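Dear colleague,

Please find below the structure I am handing over to you. A short account of the findings follows it.

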Amino acid sequence: MIIYTDKDVDMGVLKERRVAILGYGNQGHAHALNLRDSGVDVIIGARDQMSPSGARAKQAGFKVLSYAEATMAADVVMMTLPDEHIPSVYEDHVAPHLKRGAALGFAHGLAVHFGHITPSDDVDLFLIGPKGAGRWLRTEYEAGRGLACLVAVENDATGHAKSIALAYASGLGCGRAGMVETSFREECETDLFGEQAVLCGGIPDLIEAGYDTLVEAGYTPEVAYFECLHEAKLIVDLMFEAGPKAMRKAISNTAEYGGYLAGETLVTKDTRARMKDILADIQSGAFAQKLMDDTARKSPHLDQLRERHHKPDLEAVGARVRGLMPWLSPKR
């Protein structure tokens with residue numbers, strides 16, 4: 001594994017170029033603000049200046065142009081749009097206007113890795129994947145820290161692609177924590193697997209199943225919420241700070257002993273086999289194609305899944321519990 005830090009970076013290669021961030025959402029706003037605070041010339045590409053994201057970018061003091069105008073005006077174009085919208089925006093607004101020798105960046109490798117777009121060979125092609133949500137990327141930067149990130153170069157047309165990628169990541173604050181060299185394939189496939197099998201699929205469904213089990217057995221919903229959801233942050237924080245071994249050392253012997261026994265019962269050979277199925281579905285491109293196909297139909301399957309997984313009782317209980325702690329007001 002090769003890891004770079006700020007000392008390996010020449011920020012001059014980026015400060016002499018104009019950067020266009022296409023999209024001003026979860027990742028885009030943090031990229032734009034952090035780069036600007038790092039002394040980089042940043043403009044925003046939006047669907048139009050009256051769109052919600054365009055209006056937010058304008059309010060933050062950025063020059064806001066259309067996707068095509070921003071692409072034409074920039075030397076480095078970063079795509080922070082949702083994966084499912086990147087192909088159409090790229091084909092209609094970016095590809096026809098991208099300068100020869102420009103650098104084209106992505107915050108996630110799905111569209112490129114699975115062939116939903118094919119950038120020209122005469123542009124530098126790189127990826128910067130901060131390991132955390134945009135809100136976290138911004139708050140860590142403001143605190144003088146940073147998020148680690150993954151850095152990949154898929155095409156080096158000018159001989160400067162890696163230098164530009166590292167400078168971009170350093171401008172985000174990632175060089176303070178570490179910039180790990182990888183590939184579009186590795187970033188994309190591991191990111192999708194982590195989201196689906198653990199972070200956004202496994203953990204929420206396990207929490208909801210535990211909550212349902214306690215409530216169906218007659219226990220107080222608020223108590224079930226505390227035990228299965230609220231305290232999950234404590235355990236994750238302990239593992240985040242020092243690893244699973246340190247987490248188990250910090251909890252009671254009762255919790256450690258019961259956790260070993262129950263964990264082996266819940267995460268079985270069959271569970272691990274299903275994880276391998278999920279990974280195979282990702283690696284083959286089948287998942288990415290499902291996403292693109294559903295988007296083309298205006299996302300009916302996604303809407304069905306949202307409805308199926310909406311838990312109004314759990315949400316109501318959560319609101320009551322969080323109401324006891326006003327400092328937990330959500331940060332959007």
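In which sense do β5 and strand β6 pair, and over how many bridges? The model is a predicted one, and in it these two strands run in the parallel sense, joined over four bridges. One residue pair can be named here: M79 has F106 in β6 as its bridge partner.

Both strands belong to an open sheet of nine strands with mixed pairing, ordered β1-β9-β8-β7-β6-β5-β2-β3-β4. At its edges are β1 (3-4) and β4 (64-66), each of which pairs on one side only.

Turning to the interior, the largest nonpolar core has 37 residues, and I128 and Y168 touch the most other members. Two or more residues each are given to this core by α1 (12-15), β2 (18-22), α2 (26-37), β3 (41-46), β5 (76-79), β7 (124-130), β8 (149-155) and α8 (161-171). The largest share, six residues, is that of α8. Beyond its neighbours within four places in sequence, Y168 is in contact with L14, V19, I21, H31, L35, M78, F126 and I128. Another core, of 26 residues, lies apart from the one just described; I43, L65, M79 and V123 are among its members.

On the surface, V198, L199 and I203 form a nonpolar patch, and their accessible area together is about 240 Å². I203 is placed in helix α10 (residues 202-216). With a relative accessible area of 36%, I203 counts as partly exposed.

Yours sincerely

Note on methods
Residues are numbered from 1 along each chain as its sequence is written. This is a predicted model: local features need pLDDT of at least 70, side-chain atom pairs count only at pLDDT 80 or more; totals for chains, interfaces and linings use all residues. Side-chain values use heavy atoms; hydrogens and water are left out. Patches are made of residues with over 30% relative accessible area and no salt bridge: like charges are joined within 9 Å, nonpolar side chains (Val, Leu, Ile, Met, Phe, Trp, Tyr) within 5 Å. Accessible areas come from the Shrake-Rupley method with a 1.4 Å probe; for residues, only the protein chains shown count as cover. A salt bridge is a side-chain nitrogen of Lys or Arg within 4 Å of a carboxyl oxygen of Asp or Glu. Buried means under 20% relative accessible area, exposed over 50%, partly exposed in between (1.4 Å probe, protein chains only). A nonpolar core is a set of buried Ala, Val, Leu, Ile, Met, Phe, Trp, Tyr and Cys residues joined through side-chain atoms within 4.5 Å. Contact means heavy atoms within 4.5 Å. Two strands pair if DSSP finds at least two bridges between them.
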